[in-house]
Amino acid sequence: MKQIAIYTLTSELHNEQAVSAVTKAFLESIGIEYDMKGQDYADYGKADLNLIYVRTGGTEGIFLHLLPELLRQSNRPFYLLTSGKSNSLAASMEILSYLNQNSIKGEIIHGSADYIAKRIALLTRIEKAHRQLHGARLGIIGAPSDWLISSHADKASVKERLGIELIDIPMEMLLKAIKESGGIYEGLKGIIGTYQLKGFTLRCFDLLTSLKDTGCLALAKLNAEGYVAGCEGDVPAMLSMMVTRVLTGVSGFQANPANINPETGELLFAHCTIPLDMVERYELDTHYESGIGTGIRGYMKPGPVTVFKLSGNLSRCFIAEGDLLECQSKPDLCRTQQLIRLCDKTQATYFLTNPIGNHHIIMPGHQQELLNHFLL
């Protein structure tokens, strides 16, 4: 099945030959690849993006009859594609009004061919990301660090809204895996396999006391391999990284602000690890706070970035676009250091007045529109 499936609604009052001609011309003008399912809704919800092409007016009753089964097949919003011909827009508006009255999400996709094509491309990306999250298992290895007093998560909300299952894993299980495999990286890979995880967050400072070593390099490698590997047991940061991963293809750089200039909108973020697939080059150093083990000083290419964070109960988020000005290497900070200037400098006050914890996720590119639509 292609990424996009198109199902149709057509009134019997309209001439099929004429409607088919309009359909052909309309879909060709959009220029997308799709599977035409017609009136067979048996596998509705299986594609990344499922479009209901309202071809004519007088189709509201047909949709209402189909609705209970469609809701059983998919919990995603209804996307109503319409050309506007044969009263199709009016019917789509009536259908969407009914959905809104019953607290069911939906949207009419209508406009120029260029707008429709761009909108479908964006929605396909978003819906594909939601499908990747559904059923994903993320591990909390060793519980959040003691100082992360606000960085927990509501497991029920996470399961309901994102489809992610959060799994508690005792630190003893990791230490046993490390002992059996001979290394932190190998031990974490074993935990991923045992618990069938797409990612995890690690109470990594416990490794300093138990093993006299750090997880920084192992996390950097695992993030580059496509897993989400977060620090300090920070669950909201891990969830933010998972959303970043499915939307952009990288896990993101988990870091905390070390310095903020609210007048210029410049922030210095720092941490001792960064996904190796995000940097142009890197150097190995010690872990900053402890002075032992391995920390990573990564150099990411300057340019557009987005700073992002979800709250643990998913009730709010922070999204700010900016530009990475330079990567620094000050000796008195965590090893990877990024100086970022926010596009809207007034957003810097958020960190001083109403932050979502201390860790935030930095991802390449300006991604506010993508994140906003994903979180709707």
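This passage walks through the sheets, the helix packing and the empty spaces of the structure. The model is a predicted one, and every value below was computed from it.

The open sheet is a good place to start. Five strands make it up, in the order E2-E1-E3-E4-E5, and their pairing is parallel. Strand E2 (35-38) and E5 sit at the edges, each pairing on one side only. From one strand to the next the twist averages 30°. Inside the sheet, strand E3 (residues 49-54) and E4 are held in parallel pairing by 3 bridges, and Leu51 has Tyr79 of E4 opposite. Two helices pack on this sheet. H3 touches strand E1 (4-9), E3, E4 and E5, with a direction about 170° from that of E5. H4 touches E1, E3, E4 and E5 too, but its direction makes about 150° with that of E5.

H3 has a helical partner as well. The axes of H2 and helix H3 (residues 88-101) come within 9 Å and cross at roughly 35°, and the crossing of H2 past H3 is right-handed. On the H2 side the contact is made by Glu60, Phe63, Leu64 and Leu67; on the H3 side, Ala90, Ala91, Glu94, Ile95, Tyr98 and Leu99 meet them. Sorted by class, that contact comes out as 8 nonpolar and 2 charged residues, with no polar ones. H3 thus turns up in two settings: against H2 and on the open sheet.

The other sheet is a barrel. Its 6 strands close up in the order E10-E11-E16-E15-E14-E17, with antiparallel pairing. Neighbouring strands are turned by 45° against each other on average, ignoring direction. As for the pair that opens this order, strand E10 (residues 253-261) and strand E11 (residues 266-271) run antiparallel and are joined by 5 bridges. One detail of that pair: Pro257 has Phe269 in E11 as its bridge partner. Helix H10 (residues 235-248) packs on the barrel sheet and touches E10, strand E14 (303-310) and strand E17 (360-364). The direction of H10 makes about 135° with that of E14.

Now for the empty space. The largest pocket has a volume of about 940 Å³. Its lining takes in 39 residues, and those nearest the centre are Asn75, Arg76, Pro77, His130 and Arg161. Several elements supply at least two lining residues each: helix H2 (60-73), strand E4 (78-81), strand E5 (106-109), helix H4 (113-133), helix H5 (155-162) and helix H12 (368-374). H4 gives the most, at 6 residues. So far as chemistry goes, the pocket lining divides into 16 nonpolar, 11 polar and 12 charged residues. Some of these elements are already familiar: E4 and E5 belong to the open sheet, H4 packs on that sheet, and H2 crosses H3.

Closed-off space is there too, with 3 cavities of 30 Å³ or more. The largest cavity holds about 150 Å³ of space. Of the 15 residues lining this cavity, Cys204, Phe205, Cys216, Cys272 and His287 are closest to the centre. Helix H8 (205-210) and helix H9 (216-224) are the elements giving two or more residues to that lining. By class, the lining of the largest cavity splits into 8 nonpolar, 5 polar and 2 charged residues.

The second largest cavity offers about 60 Å³ of space. Its walls come from Asn223, Ala229, Gly230, Cys231, Met241, Gly252, Phe253, Gln254, Thr273, Ile274 and Pro275. Strand E9 (228-231) and E10 are the elements that provide two or more of these residues, and E9 gives the most, with 3. The class split is 6 nonpolar and 5 polar, with no charged residues in the lining of the second largest cavity. E10 links this cavity to the barrel, since the strand contributes to the cavity lining and is also part of the barrel order.

How values were computed: Residues numbered from 1 in each chain as written. Predicted model: local features only at pLDDT ≥ 70, side-chain atom pairs only at ≥ 80, totals over all residues. Heavy atoms only, no water. Pairing = 2+ DSSP bridges. Helix = DSSP H or I, 4+ residues; strand = E, 2+ residues; numbered from the N terminus. Axes fitted to C-alpha atoms, helices over the stretch in contact; angles between N-to-C directions. Contact = heavy atoms within 4.5 Å. 1 Å grid on protein atoms, 1.4 Å probe; cavity = no way out; pocket = protein on both sides within 12 Å on 5 of 7 lines; lining within 4 Å. Points joined across faces, edges and corners; volume = space filled by probe spheres on them. Nonpolar A, V, L, I, M, F, W, Y, C, P; charged D, E, K, R; others polar. Left-handed = near helix turned anticlockwise from the far one by under 90°.
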